[in-house]
There are 2 protein chains.
Amino acid sequence: MTSSPHTALTALTLAPPAQAGAALGTIDTPTLVLDLDAFDTNLTRMQAWADQHGVGLRAHAKAHKCPQIALRQIERGAIGICCQKVGEALPFVQAGVKDILISNQVVGAPKLALLAELTRHARMAVCVDNAENLNAIAQAMQAADTSIDILVEIDVGQGRCGVNTTDAALALAQYAHTTPGVSFRGLQAYHGAVQHVREPAARADICRDVAARIRRYVDVLEAAGLTVSTISGAGTGSAQFDAASGIYTELQAGSYAFMDADYAANEWPSALQFEPSLSLLATVMSVATPGRVVLDAGLKAMTTESGLPRVMHRAGLTVRQVNDEHTVLVVDGDASGESAGLPALGEKVHLMLPHVDPAFNLHDVLVTVRNGQVMEMWPIEARGPGR
Amino acid sequence: MTSSPHTALTALTLAPPAQAGAALGTIDTPTLVLDLDAFDTNLTRMQAWADQHGVGLRAHAKAHKCPQIALRQIERGAIGICCQKVGEALPFVQAGVKDILISNQVVGAPKLALLAELTRHARMAVCVDNAENLNAIAQAMQAADTSIDILVEIDVGQGRCGVNTTDAALALAQYAHTTPGVSFRGLQAYHGAVQHVREPAARADICRDVAARIRRYVDVLEAAGLTVSTISGAGTGSAQFDAASGIYTELQAGSYAFMDADYAANEWPSALQFEPSLSLLATVMSVATPGRVVLDAGLKAMTTESGLPRVMHRAGLTVRQVNDEHTVLVVDGDASGESAGLPALGEKVHLMLPHVDPAFNLHDVLVTVRNGQVMEMWPIEARGPGR
């Protein structure tokens with residue numbers, strides 16, 4: 001500790017993790033890295049699949065929380081995006097996204113006030129599964145002299161939100177159809193659990209059941225004279241079948257743009273072979289004990305509720321554990337403390353994340369690369385706990 | 001969507017989650033809430049325990065990443081703080097913390113350059129377990145015309161970073177002792193796994209072994225003429241025994257200020273009965289299906305690698321699942337879809353987090369309360385993946 005300050009304390013910062021034009025290997029870590037070639041391929045493949053089946057792609061922005069990504073999804077043909085939270089939607093509207101579905105319930109006055117404001121700048125819709133909540137939405141919109149579209153959420157097997165009877169759905173739809181401030185647009189029908197069923201045949205079976213269930217709701221609503229213009233749902237894992245089912249008007253896939261280890265464990269048809277475009281870049285920070293090395297990334301740079309990350313671009317390495325700030329790598333098999341094949345101190349390692357969505361949510365910036373060269377840094381502006 | 005904007009798009013924001021002086025129940029969710037009475041009690045108890053045993057408390061700021069908390073820990077008597085990352089340390093130095101140990105290896109030029117700058121504003125130390133890394137640190141400090149204290153990290157059973165032989169420790173200590181830019185201060189000896197051993201007797205046994213192991217290193221270093229002025233380690237779970245062992249000069253506890261469900265599962269002596277001071281406040285956002293309610297907080301507001309959260313301040317409720325943005329609550333037992341006792345739509349629920357450290361890292365602000373009233377909002381300035 002010397003007594004002559006060279007840089008004012010308030011001006012001190014850690015340099016940005018990357019410089020445009022620099023080599024990939026110069027990126028400071030831990031940092032999320034997006035390979036633009038693989039990303040572009042994924043956007044193209046999912047959009048082509050949606051187009052081919054005459055269904056809209058409403059890309060789910062909860063996966064990435066990054067307006068720069070949403071703008072590229074829309075540029076390729078996506079009809080808009082979904083968000084899970086009103087606070088999450090705000091930076092996307094500010095970035096110019098003009099069509100957003102909050103694919104979730106919104107409860108509470110501060111959130112509804114912001115939602116009302118957003119309707120002045122974008123075509124907005126929100127999900128409901130409760131009359132009291134729908135009434136609160138209508139009141140908030142009336143108070144702000146605006147209106148919002150409503151999707152009635154039905155539970156198609158997720159076991160979380162959404163009504164469970166056609167009577168309940170009809171009552172909400174009729175209320176939305178007749179009440180100022182809200183306007184009935186259709187149904188939200190998302191089945192999360194099917195996304196990670198590994199075998200295509202098993203996924204197809206569940207998707208067929210889901211489609212039949214949705215059909216029963218549509219029949220009841222239409223018999224009552226309502227127009228169901230939107231049926232929104234599906235994810236990366238079920239898009240293959242949900243697009244072909246003819247029941248959905250839009251697909252809410254998000255992870256397809258990146259792929260994670262959990263989705264990679266699914267079996268995929270050739271037209272929807274998505275490429276891993278996202279990695280967490282980490283640096284070897286400790287090699288003190290033969291048989292293992294320690295990376296400088298842990299639970300503050302990724303999450304492990306869906307399993308451990310996988311090492312990309314080099315064979316023979318296994319992640320043994322992930323702690324708050326550390327990841328321990330060993331040689332596959334790891335019997336006798338084998339060191340041959342382990343990366344050296346300071347070497348960088350790409351990790352394929354177990355679950356993309358909460359990982360993006362830990363980072364403030366995404367570094368994009370192409371052909372091993374840093375291109376841009378995209379802010380993950382909607383990062384946060386999600387109000 | 002109307003055509004007359006009332007608020008400019010760029011000026012739109014979601015209102016802050018709380019207002020000073022307002023009732024706790026008005027806090028918008030999901031938000032981290034700190035009960036100051038319990039927090040003060042915890043600070044007092046751990047500080048008293050350290051004082052009573054003549055050992056310094058170097059509070060671990062990786063737990064909370066919040067300078068306002070560190071300043072209060074120091075005000076109560078803590079000798080300084082630990083951080084795990086250089087980027088994490090920066091906002092603490094800027095807030096006026098004058099003594100920081102980076103209780104971890106720091107690898108890479110950008111990080112070492114910042115570390116050198118920090119030595120001009122605070123007493124800094126860093127851990128090493130590798131000669132090449134120590135040399136890089138010395139070079140970076142020399143280049144910046146400064147110097148830093150070195151703790152040689154020894155692996156006392158954690159199985160992660162740290163040297164494993166007295167020879168290796170001695171070589172690093174001698175190098176640090178003789179090389180310009182670095183100065184040998186002592187040993188880092190943290191055993192993470194012991195922290196969550198439930199039975200005090202089992203924790204005590206492990207701590208005794210760890211102390212004996214450290215003693216062997218100290219003997220070798222002192223026999224070589226080195227002064228080991230600092231032995232830093234211990235956590236909330238082992239502080240009871242590590243303070244009493246006489247080997248540690250400072251304790252690195254962090255979670256004691258908050259307690260989480262994982263630590264709460266340990267058995268504690270009466271003098272170290274820490275109180276749960278931290279909760280994640282969430283709102284019931286869906287009650288569509290009898291037998292369950294859904295909260296508006298998920299994996300973007302907490303983490304589940306240490307288990308599921310627990311409902312605080314009301315009995316009879318169990319967390320069934322935590323998804324990206326949702327938590328499902330059921331009545332304990334949950335056999336027949338029982339709804340009696342479940343909170344209503346819009347009600348707020350406090351969750352005790354499974355693991356404090358990565359949860360703080362998801363939030364930008366901590367709302368403090370006392371006697372059910374909002375006091376202040378403290379920025380979690382060091383939040384981030386940790387460079």
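Student: What turn and shift lay chain B on chain A?
Tutor: In this predicted model, a turn of 180° with a shift of 0.0 Å along the axis lays chain B on chain A, at an RMSD of 0.0 Å. The two copies are thus related as by a two-fold rotation axis.

Student: Which residue of chain B comes closest to that axis?
Tutor: Glu305(B), with its C-alpha at 2.8 Å. The same surface serves both copies: 100% of the contact residues of chain B recur in chain A.

Student: How many residues does the contact take from each chain?
Tutor: 75 from chain B and 76 from chain A.

Student: Which elements of chain B supply at least two residues each?
Tutor: Helix 3 (86-94), helix 4 (109-118), helix 5, strand 10 (278-286) and helix 10 (356-360). Helix 3 of chain B gives the most, with five residues.

Student: And how do the residues on that side of chain B divide?
Tutor: Into 27 nonpolar, 29 polar and 19 charged.

Student: New topic, helix 6 of chain B. Which residues are buried there?
Tutor: Ala169(B), Leu172(B), Ala173(B) and Ala176(B). They cover an arc of only 100° around the axis, so they sit on the same side of helix 6 of chain B.

Student: What do the buried residues pack against?
Tutor: Strand 5 (123-128), helix 5 (131-143), strand 6 (148-153), strand 7 (182-189) and helix 7 (200-223) of chain B.

Student: Which exposed residues are on the face turned away?
Tutor: Asp167(B) and Thr178(B).

Student: What span should helix 6 of chain B have?
Tutor: At 1.5 Å a residue, its 13 residues (166-178) should span 18 Å. The end C-alpha atoms are 18 Å apart, which agrees.

Key
Residues are numbered from 1 along each chain as its sequence is written. Chains are lettered from A and ligands numbered from 1 in the order in which they are written. This is a predicted model: local features need pLDDT of at least 70, side-chain atom pairs count only at pLDDT 80 or more; totals for chains, interfaces and linings use all residues. Copies are superposed by least squares on the C-alpha atoms of residues with pLDDT of at least 70 in both. Two residues are in contact if their C-beta atoms, placed from the backbone, lie within 7 Å. Helices (H or I, at least four residues) and strands (E, at least two) are DSSP runs, numbered from the N terminus. The expected span of a helix is 1.5 Å times one less than its number of residues. A residue is buried if 20 or more other C-beta atoms lie within 10 Å of its own, exposed if 12 or fewer, and partly exposed in between; C-beta atoms are placed from the backbone. The arc is that of the directions from the helix axis to the C-beta atoms. Ala, Val, Leu, Ile, Met, Phe, Trp, Tyr, Cys and Pro count as nonpolar, Asp, Glu, Lys and Arg as charged, and the others, Gly among them, as polar.
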